[in-house]
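Please open the model in a viewer and keep the sequence panel visible beside it. The tour below proposes one selection after another and describes what is found at each stop.

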Amino acid sequence: MEFLYEILLDNGFKYKARGDESLSLKTGDFCIIRKDFFLDYGQIISSSHTPYNPDAEPKEVHHSGPPSEKRAEVPRIQRKATMVDQSKANENLMRSKSALRTAGQYIERLNLPMKLINAHYAFDGKLLAIQFSAEGRVDFRELVKQLSMAFNTRIELRQIGVRDETAIIGGLSICGRPFCCCSFLTSFDSINVKMAKEQDLSLTPSTISGMCGRLKCCLKYEHEGYLELEKTMPRRGDCCECKEGRGHIIDRNLLTQTVVVQMDDTGRSVSCSKDDVSVVYPEKYRVRSNSNRREDKDAPSDELSKLED
């Protein structure tokens, strides 16, 4: 019986692989994986307790990785890595660092707008995968030809986004914890500025943007909760009445369910609970009853103008 495992490579890339139950694989083990035409070396970071069913897999599996990872067949774990395998993997790691420096020289020579992130050698050396980031699409066909001749192996260049780049490099966020993208997030949800507005956050780019330069992923976590809290809260600018008198709401806090009211008569700011505030509307915004409307039809035009004022 086979189970699915999630494999982590030394370049931060992850993919699913299947392994036989007899291998007694567990989280943290290093293993050798048979892929399309080469052997790979990686670490198991999670395992699925449900048996792998090839009939349940679609005939054509689409992945976000390079061409060698877009095959229909799920990679298969051959065995656990031995001490000899780990020694060879360390050699490949040193080779990949050297290859990254060499690739950077070719990029400068060809004047390509690319930023190299990392490189990864397959366990048997039949593939060199290089990840890079760029502002737009890059024509790297000539670069691939030159690198193939220089390293005498197959080259795969994979362009990744700034969020993926940050997830690979890692770091600490403003909250003091490791980035969500490199600790537990497996996919990036759609995030927009409207979410920050609905949470009454400052729209200063430095406040709502992460280290990657994009909107913070955590804006999505509590968005639905803020929408629920906002339903019963008055808005900024509303005319209201409280114990101190009548004023206008100039600020509010959705989490504490409190508002700040600026009094019309004194200009003093008062903080109070939303339950102690009742929103009122000036006379010209009030909805009049049908009887008043019928009387207004017979009223002179100058009186109507007074009511509108």
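How many bridges join strand 1 to strand 4, and do these strands run parallel or antiparallel? Strand 1 and strand 4 (residues 39-51) are joined by 5 bridges and run antiparallel. Strands (E, at least two residues) and helices (H or I, at least four) are DSSP runs, numbered from the N terminus, and two strands pair if DSSP finds at least two bridges between them.

This is a predicted model, in which local features need pLDDT of at least 70 and side-chain atom pairs count only at pLDDT 80 or more, while totals for chains, interfaces and linings use all residues. Residues are numbered from 1 along each chain as its sequence is written, and side-chain values use heavy atoms, with hydrogens and water left out.

**The whole protein**

Display the entire chain as a cartoon. The protein has 8 helices and 13 strands. Of its 309 residues, 36% are buried; buried means under 20% relative accessible area, exposed means over 50%, and partly exposed lies in between (1.4 Å probe, protein chains only). The accessible surface comes to about 19,400 Å², and carbon and sulfur atoms account for 50% of that surface. These areas come from the Shrake-Rupley method with a 1.4 Å probe; for residues, only the protein chains shown count as cover. Among contacts (heavy atoms within 4.5 Å) between residues at least 6 apart in sequence, 55% join residues at least 24 apart.

**Stop 1: strands 1, 3 and 4**

Select Y5 and S47. S47, in strand 4, is the bridge partner of Y5. Next, add strand 3 (residues 30-34), which is joined to strand 4 by 5 bridges in an antiparallel arrangement. One such pair to select is R34 with L39, its bridge partner in strand 4. A hairpin of 4 residues links strand 3 to strand 4.

**Stop 2: the loop at N11**

Select N11, which is in the loop between strand 1 (2-8) and strand 2 (14-20). Is N11 buried or exposed? N11 counts as buried because its relative accessible area is 5%. Leaving out residues up to four places away in sequence, N11 touches N118, A119, H120, Q131 and I168. A polar atom of the N11 side chain also lies 3.1 Å from the backbone nitrogen of F13.

**Stop 3: helix 1**

Select residues 83-110, which form helix 1. This helix has 28 residues and reaches 40 Å from its first C-alpha to its last, close to the 40 Å expected at 1.5 Å a residue; the expected span is 1.5 Å times one less than the number of residues. Colour D85, A89, N92, S96, A99, A103, Y106 and I107, which are buried. An α-helix has 3.6 residues a turn, so residues three or four places apart point the same way. Against what do the buried residues of helix 1 pack? They pack against strand 3, strand 4, strand 5 (76-80), strand 6 (115-121), strand 7 (127-133) and helix 2 (141-151). Just after helix 1, N111 takes a positive phi of about 55°.

**Stop 4: the loop at M211**

Select M211, in the loop between helix 5 (205-208) and helix 6 (223-230). M211 counts as exposed, because its relative accessibility is 65%. Its C-alpha is 8.9 Å from that of F179, although the two residues are 32 apart in sequence.

**Stop 5: strands 9, 10 and 11**

Select G245, which lies in strand 10 (residues 245-253). Strand 9 (residues 239-242) is joined to strand 10 by 4 antiparallel bridges, and the hairpin between them has 2 residues. G245 is the bridge partner of C242. With a relative accessible area of 24%, G245 is partly exposed. Beyond its neighbours within four places in sequence, G245 is in contact with C240 and M263.

Now add strand 11 (residues 258-263), which pairs with strand 10 in the antiparallel sense over 6 bridges. H248 stands opposite Q262 in strand 11. The hairpin of strand 10 and strand 11 has 4 residues between them, and Q257 in the turn has a positive phi of about 60°.

**Stop 6: the cysteines**

Finally, show the sulfur atoms of the cysteines. How many disulfides does the structure hold? The structure holds 0 disulfides, a disulfide being a pair of cysteine sulfur atoms within 2.5 Å. For C272, the closest cysteine sulfur is that of C242, at 4.8 Å, which is too far for a bond. For C180, the closest is in C218, at 6.2 Å, also too far for a bond. C272 is buried, at 12% relative accessible area, whereas C180 is partly exposed, at 24%.

Conventions:
A polar contact is a pair of N or O atoms within 3.5 Å; within protein, one must be able to donate a hydrogen and the other to accept it, and residues adjacent in sequence count only if both atoms are side-chain atoms.
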